Structure formats: structure tokens, C-alpha cells
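Visitor: Would you walk me through this structure, one stop at a time?
Guide: Gladly, let us take a look together.

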Amino acid sequence: MKRIAKFEKVSFKQFYEGWADTFGGSEEEIKEIYDSIALPRRATSGSAGYDIFSPADFTLAPNECIKIPTGIRVKIDEGWVLKIYPRSGLGFKFRLQLNNTVGIIDSDYYYSDNEGHIFIKITNDSREGKTVELKKGNGFAQGIFTEYGITYDDDVTDIRNGGFGSTTK
């Protein structure tokens, strides 16, 4: 296997901004959540996906969505991308969906002003009335690294600074 990436936590300042903006809470409460963030890891030696763990308890009724600041970032070698999907079991049992279908984390996102903080927005798309309960520390998404190529005539020199839509501004 090629070793091409390393997961890290974003700074507390960056996590605090993302969490407070999304959920609010005191600095002490947010620090407690931050301190317990687990970095993504594979469950078995044969797993392709790195489980991404919920930083807190969440409940999603059918058709509800939530944006989760994960507190993590990833440093990826050039020529690779991290693709984020819902955990297979949650997708199968609850139709848990990522709002952008597949999250794409480019290697240059790590260097953005927000430290490459990965946010995951999910929706409980259950058509059977099932409520999803995500417990703190349980995997709710998974990331898979994929190698990619570029065209021979590619001459892009622009540099990213930001997340959604930052590469088309």
C-alpha cells in the first residue's frame, strides 16, 4: 500500500469558530468536544475507508439535515484526493446521504485559511420514518483516498484559498 496522507486535528481556534457558528455553546463545552475528537482510522487491514467519527451525539429525524464540523484536516500528497461517503450501514439502513453526494477533499485544501477543516453535511433521507441517532465517537462517514491524473495540456497555476466554490471564483 502507498502511504500518501496524514490526518490531523485543526487548531482549537478553527474548530471553535466552526462549531460555535453551527451549534453555539460555551468555550468550555466546545473545548471538551475538541479534546475528544478521534482521528479517522480504518476498522480492519482490508478496509478501504477511513471511518470519520461523530464529535458529539446527534439525532436526525427523517428529512432533517445537519452540518458537522469534524475538527479534522488531512495532508495529502499531490496527485491524490480524499472522497467522503456515508458509512455503508447508515446509508443502507437509513438512506443517510451526504448533501453533496460525495465530498471531495483536494490536496491543496489543507493550506486554506480555515486549515482545511472538513465539514460534513448529512441528511436523513429515510422513506420509512426512521430516525438516525449518531453517538459521539461512532463512525458516520468514511473517506477513501483515490489517485487521479490531469491532462497533458493542463497549465493551471491558481492557488486555492477556501472551501466550497473557492476554485471557481
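**A walk through the model**

Guide: Glu133 has a relative accessibility of 52%, so Glu133 counts as exposed. Please keep in mind that this is a predicted model.

Visitor: Which side chain meets that of Glu133 in a salt bridge?
Guide: The cut-off for a salt bridge is a side-chain nitrogen of Lys or Arg within 4 Å of a carboxyl oxygen of Asp or Glu. Here the N to O distance is 3.7 Å. The partner is partly exposed because its relative accessibility is 40%, and its name is Lys135.

Visitor: How many salt bridges does that rule give?
Guide: Side chains of opposite charge can pair when their charged atoms come close. With the rule applied here, the count comes to eight.

Visitor: With which residue does Glu8 form a salt bridge?
Guide: Glu8 sits in strand 1, and the partner belongs to strand 5 (residues 72–76), 65 residues apart from Glu8. The closest N and O atoms of the pair are 3.5 Å apart. Glu8 is partly exposed because its relative accessibility is 21%. The partner counts as buried at 14% relative accessibility, and that partner is Arg73.

Visitor: How many residues apart in sequence are the parts that Asp51 and Arg87 tie together?
Guide: The side chains of Asp51 and Arg87 meet in a salt bridge, 3.5 Å from N to O. Asp51 lies in strand 2 (residues 50–53), while Arg87 lies in the loop between strand 6 (80–86) and helix 3, so the pair ties together parts whose separation in sequence is 36 residues.

Visitor: Is Asp51 buried or exposed?
Guide: The cut-off for buried is under 20% relative accessible area. Arg87, the salt-bridge partner of Asp51, has 29% and therefore counts as partly exposed. Asp51 has a relative accessible area of 11%, so Asp51 is buried.

Visitor: At what angle do helix 1 and helix 2 pack?
Guide: Helix 1 covers residues 12–22 and helix 2 covers residues 27–35. Helix 1 passes helix 2 in a right-handed crossing. Their axes are 10 Å apart, and the angle is about 115 degrees.

Visitor: How many nonpolar residues are there in the contact of helix 1 with helix 2?
Guide: From helix 1 come Phe12, Phe15, Tyr16, Trp19 and Ala20, and they meet Glu27, Ile30, Lys31, Ile33 and Tyr34 in helix 2. Of the residues in this contact, two are charged, none is polar, and the nonpolar ones number eight.

Visitor: Why do the buried residues of helix 2 lie on the same side?
Guide: An α-helix has 3.6 residues a turn, so residues three or four places apart point the same way. The buried residues of helix 2 are Ile30, Ile33 and Tyr34. They lie on the same side of helix 2 because the arc they cover around the axis is only 100 degrees.

Visitor: Which residues are exposed on the other side of helix 2?
Guide: The buried residues of helix 2 have a cover that includes strand 1 (5–9) and helix 1. On the other side of helix 2, the exposed residues are Glu28 and Glu32.

Visitor: Which residues does Trp19 touch, not counting residues up to four places away in sequence?
Guide: Trp19 lies in helix 1. Its relative accessible area is 5%, so Trp19 is buried. With those sequence neighbours left out, Trp19 touches Gly24, Ile30, Ile33, Pro55, Ala56, Phe58 and Pro69.

Visitor: How far apart in space are Trp19 and Lys121?
Guide: In sequence, Trp19 and Lys121 are 102 residues apart. In space, C-alpha to C-alpha, the distance is 13 Å.

Visitor: Which residues is Ser107 in contact with, leaving aside neighbours within four places in sequence?
Guide: Ser107 is in the loop between strand 8 and strand 9 (119–124). Ser107 counts as buried because its relative accessibility is 12%. Its contacts outside those neighbours are Ile76, Asp77, Glu78 and Trp80.

Visitor: What is the phi of Thr101?
Guide: Thr101 is in the loop between strand 7 and strand 8 (103–106). At 59% relative accessibility, Thr101 counts as exposed. Thr101 is a residue other than glycine, yet its phi is positive, near 70 degrees.

Notes:
Residues numbered from 1 in each chain as written. Predicted model: local features only at pLDDT ≥ 70, side-chain atom pairs only at ≥ 80, totals over all residues. Heavy atoms only, no water. Helix = DSSP H or I, 4+ residues; strand = E, 2+ residues; numbered from the N terminus. Buried < 20%, exposed > 50% of the residue type's maximum accessible area, 1.4 Å probe, protein only. Axes fitted to C-alpha atoms, helices over the stretch in contact; angles between N-to-C directions. Left-handed = near helix turned anticlockwise from the far one by under 90°. Contact = heavy atoms within 4.5 Å. Nonpolar A, V, L, I, M, F, W, Y, C, P; charged D, E, K, R; others polar. Arc of directions from axis to C-beta.
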